[in-house]
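The exercises below ask the reader to work through the covalent cross-links and one buried acidic residue of a single protein. Each task is followed by a solution that goes step by step.

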Amino acid sequence: MKSQETMLCCLMLFLATECSHHYRSKVRIKDGDKHQHPEGKLKTGTIQEKCRGPCLTASNCSQPCSQHFRGEIGFTCHQNKWQKSTETCTSLSVETFFKDFNSALRLSVAAASVPLYVLDFRAPEPLESVAQGIRRNCPVDYACIIDVVKSSEATSGNIAFIVELLRNISTDLSDNVTPEKMKSYSEVANHILDTAAISNWAFIPDKNTSSDFLQSMNLFARQLHIHEDSENIADELFIQTKGFHINNDTSEKKFNFSTSMNNMTEGIIGMIEIPRQELWKLPPNASQAISIAFPTLGAILREVHLPNVSLPRPVNGLVLSVILPERLKQVLLTFEKINKSQNARAQCVGWHSRERRWDENVCETTLEIMNKVKCQCNYTGMVMSFSILMSPKSVDSKVLDYITCIGLSISIFSLILCLIIEAAVWSRVVVTEISYMRHVCIVNIAVSLLIANVWFIINSNFHKKAQDSKWCVALTFFSHLFYLSLFFWMFFKALLIIYGILVVFRRMMKSRMMAIGFAIGYGCPLVIAGTTVAITVPEKGYMRPDACWLNWDNTKALLAFAIPALVIVAVNLVVVLVVAVNTQRPSIGSSKAQDLAIIMRISKNVAILTPLLGLTWGFGIATLIEGTSLIFHIIFALLNAFQGFFILLFGTIMDHKIRDALRMRMSSLKGRSRAVENASLSPTNGSKLMNR
């Protein structure tokens, strides 16, 4: 029996050696045919020339890899230039992993499963034979493949080869995964997660490779059996693995990670927490929880293209995988942002392994501050990895910051000047009930906007310090209150305009009009703002995570401002149309000059009423639409940052009664100064001074 096995082994060795020798000679012949032009010129050079210089759009080209690599590099013509699109250059093969072991043993293992086309440069190698070699040569910890992987260049072809190797190990060698095996597995994965290899992932022809890699890591980690109560299983530069034993008596468990993008940067922090109420679901016998952190995988993962998803969606934190018992369905995660810009809003997501995309429906953002995001996510067999994406809704433009800063400064100065002018001419312009209430509206609109602008500036500069405090609640409440007061006083002014047009013979008492005005202008905003606080503060959903302003993501508290404001804008727009229609119509036989004068009068009325009734805020609807052009954001910022200046211009300076009252005021002041001067220079006054 033993002699038969020896003869069979020799026969296999002979066949493998002969076939290998025969096919290698065949490959050399094919190489000669492939690279030699009939005229004696190298065809390789001809191919390289084709992939350089000008080209036609949508055309493709390919050239072989450099020496010691198999495969080819594909190019696509883009803007009349060749650009690399794919690459399959690989130096790894079945033989390279076990070249230091006994040759006969290696070939006897490979000959049973590797077909002849393995040695063809153009054909992919089946990796099952590598799994068999690992099982035979290093079954304890997979260490026999680590040196070969680490010494290989991280080309696109080698990355694809290693991902396929890891996938086969996770399916064929995952029957008894120990911490030692997980450590070796992580070392192999760490090589292709290096920051220097990130750009090469984009040229792998199979766009699902990155998703397959993550799924293989999670499947392999799911079979891991940890020994101690707490273990740091793998601590590589670009992958960290930790594990704990847990049961229903375990207190809250946390996985804390701090990994760097490269050797030079500081660590990016991430944390996974299993809530106590989830641990209660576990049986008394011990279970285990395992987590893996990837600092660079977010830049590698490729989503499948979906029609309703805007791509790309950059990942802005660690990718954290978690493997839990089936009974546990919820985890809490904390991510530190990589991009800490104020405009880098975050969206908590989970990676759906079957659909190969980020799913925002499985996670909820519970807190977002300048550099940290907290998420509450649902854990399933299909969603085991989580991260944060940069929200595409934020508009990052310094132009908007400059417009807002300059506009608010001018507005505050204009509103103060407006109030000074109103105080100076008050007694001369409030003659009738309508004129009295009109100026009451102007004053309260200016006061409300002035206070709201001041609160806005305080929020912008101190919200980081006030976050998670009662001060932030106060800042949000008063900002909400006075912005609503601004709109409700504009609404009352519109009602006064309609009252003046429709009611001619009957007038309301001044005291009743004042009561209605203050009830609308301050009473309604106080009720809305107070109700919003009472409902949302107990649920911790009143404020936004990153600023002292009304929340939208969790409780939709922002609707308490948006709905009243937009309704008032719509009503005031109708009032402006009524004013335009009721402006003096041209009489029969009127001249073109009269028609032009009427058109100018209508235009003037509309221009005056638009800022006074808050119609400029209607442009805010366009900015809420995702993908809106930056120009709409700039127009909205210009119109509303300078609203105080527009109120001064159209509500005060362009009012001829106020201008007349100012002239009279100035003339009376000049008359008084002249009278005082004349009195001081009179002989009588001079004799009095001499007598003193």
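A residue is called buried when its relative accessible area is under 20%, exposed when that value is over 50%, and partly exposed in between. By this cut-off Cys 441, with a relative accessible area of 0%, is buried, whereas Cys 524, at 30%, is partly exposed. The model is a predicted one.

**Exercise 1. Describe the overall make-up of the protein: its secondary structure elements, its buried share and its exposed area.**

Step 1. The protein holds 22 helices and 15 strands.

Step 2. Of its 692 residues, 45% are buried, while the area that the protein exposes is about 36,500 Å², with 60% of it supplied by carbon and sulfur atoms.

Step 3. Turning to contacts between residues at least 6 apart in sequence, one finds that 71% of them join residues at least 24 apart.

**Exercise 2. Establish how many disulfides there are, and work out which parts of the chain are tied together by the link of Cys 65 and Cys 89.**

Step 1. Taking a pair of cysteine sulfur atoms within 2.5 Å as the criterion, the count comes to six disulfides.

Step 2. The sulfur atoms of Cys 65 and Cys 89 are 1.9 Å apart, and the two residues form a disulfide; the angle about its S-S bond is -90°, which makes this link left-handed.

Step 3. Cys 65 sits in the loop between strand S1 (60-64) and strand S2 (72-78), and Cys 89 in the loop between strand S3 (81-87) and helix H3 (94-97), so the disulfide ties together parts that are 24 residues apart in sequence.

Step 4. As for accessibility, Cys 65 is buried at 12%, and Cys 89 is likewise buried, at 5%.

**Exercise 3. Two disulfides have a cysteine in strand S14; determine the handedness of each link and the strands that it joins.**

Step 1. Begin with Cys 348 and Cys 375, whose sulfur atoms are 1.9 Å apart and which form a disulfide; with -70° about the S-S bond, this link is left-handed.

Step 2. Because Cys 348 belongs to strand S11 (residues 346-352) and Cys 375 to strand S14 (residues 372-378), the pair ties together parts that are 27 residues apart in sequence. Cys 348 is buried at 2% relative accessible area, and Cys 375 is buried at 1%.

Step 3. Next take Cys 363 and Cys 377, a disulfide with its sulfur atoms 2.1 Å apart; here the value about the S-S bond is 115°, and the link is right-handed.

Step 4. Since Cys 363 lies in strand S13 (residues 363-368) and Cys 377 in strand S14, this pair ties together parts that are 14 residues apart in sequence. Both ends are buried, Cys 363 at 11% and Cys 377 at 0%.

**Exercise 4. Characterise the surroundings of Asp 359, and state which side chain of opposite charge is nearest to this residue.**

Step 1. Asp 359 is located in strand S12 (residues 357-359).

Step 2. Although Asp 359 is buried, it has no salt bridge; the nearest side chain of opposite charge is that of Arg 357, 4.2 Å away, while a salt bridge requires a separation within 4 Å.

Step 3. The side chain of Asp 359 does, however, reach the backbone nitrogen of Asn 361 at 2.9 Å.

Step 4. Leaving aside residues up to four places away in sequence, Asp 359 touches Val 349, Gly 350 and His 352.

How values were computed:
Residues are numbered from 1 along each chain as its sequence is written. This is a predicted model: local features need pLDDT of at least 70, side-chain atom pairs count only at pLDDT 80 or more; totals for chains, interfaces and linings use all residues. Side-chain values use heavy atoms; hydrogens and water are left out. Helices (H or I, at least four residues) and strands (E, at least two) are DSSP runs, numbered from the N terminus. Buried means under 20% relative accessible area, exposed over 50%, partly exposed in between (1.4 Å probe, protein chains only). Contact means heavy atoms within 4.5 Å. Accessible areas come from the Shrake-Rupley method with a 1.4 Å probe; for residues, only the protein chains shown count as cover. Lys and Arg count as positive and Asp and Glu as negative; His and the chain ends are not counted. A polar contact is a pair of N or O atoms within 3.5 Å; within protein, one must be able to donate a hydrogen and the other to accept it, and residues adjacent in sequence count only if both atoms are side-chain atoms.
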